[in-house]
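Biologist: I'm a first-year student, and I'd love a close look at one part of this model: its nonpolar core. Could you start from the overall layout and then take me inside?

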Amino acid sequence: MKRRELFSSLASSFKNNEKQEKVIRPPYYNNEALFLSECIKCEGLCANSCEVNIIVIQKDKTPKLDFTNSGCTFCDECVKVCPSEVLKLEYKKNISAKIEINILECLSWNQTMCFSCKDPCLDDAIKFLGMFRPQISENCTSCGFCLKVCPTNAIKIG
C-alpha cells in the first residue's frame with residue numbers, strides 16, 4: 001500500500017464516523033440504555049400506537065422519531081402501550097433534538113415573505129423579528145412540525 005492510499009483510507013474512515021445519524025427518541029424516557037436492553041423484547045407497540053406515525057422501529061429493534069411526514073403531538077399513546085416502562089409519563093419532556101433555521105436557505109431571511117414554519121408551530125416557538133428573520137425561541141419542544149412544511153428545507157435538526 002502506498003502512503004497516499006494509506007492516508008486516504010484513514011481519512012475516509014473518519015468521514016464515515018462523522019456522518020453517523022443521531023437517533024431521536026420519543027420524549028418520554030429517562031435512560032437511553034433501556035432502549036437497547038428492553039425495547040428489543042417488544043414488538044414495536046409504540047410505533048403501532050403513534051397517531052401520526054412518526055415512531056419507526058430500527059434494525060436494532062429500538063424506536064426513533066422520523067419527522068419526514070409529521071411532528072409529535074405529545075399524545076402520550078406510546079407511553080400507554082410500553083410494556084417495559086422504558087417510556088413513562090413522569091419523564092415527559094421536550095424531544096432531545098435542537099431545531100435550527102439555516103438563514104442562508106430560509107426564504108424569509110432572504111427577503112421573501114414566508115410564514116410556513118410559524119403556522120404549524122403548536123408552541124408558538126417561532127418568532128419573527130420584523131417581517132423577516134424567523135428565530136426559534138426557548139418555547140420550542142422540537143416536535144418537528146416545522147420541518148416538513150419549510151419549502152426550502154431550511155429548518156433542520158442540529
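In what order do the elements of the protein chain run from the N terminus on?

Modeller: Happy to help! The model is predicted, so local features need pLDDT of at least 70 and side-chain atom pairs count only at pLDDT 80 or more, while totals for chains, interfaces and linings use all residues. Residues are numbered from 1 along each chain as its sequence is written, and side-chain values use heavy atoms, leaving out hydrogens and water.

From the N terminus on, the order is α-α-α-β-β-α-β-β-β-α-β, giving five helices and six strands. These are DSSP runs numbered from the N terminus: helices are H or I with at least four residues, strands E with at least two.

Of the chain's 158 residues, 35% are buried, meaning under 20% relative accessible area, with exposed over 50% and partly exposed in between (1.4 Å probe, protein chains only).

Now for the core. A nonpolar core is a set of buried Ala, Val, Leu, Ile, Met, Phe, Trp, Tyr and Cys residues joined through side-chain atoms within 4.5 Å. The largest one has 37 residues, and Ile155 is one of those touching the most other members. Helices H3 (45–49), H4 (77–81) and H5 (145–149), with strands S3 (99–101) and S4 (126–129), each supply at least two residues; the largest share, three residues, comes from H5.

Zoom in on Ile155: leaving aside residues up to four places away in sequence, Ile155 touches Ile99, Glu100, Ile101, Cys117, Cys146, Leu147 and Cys150, where contact means heavy atoms within 4.5 Å.
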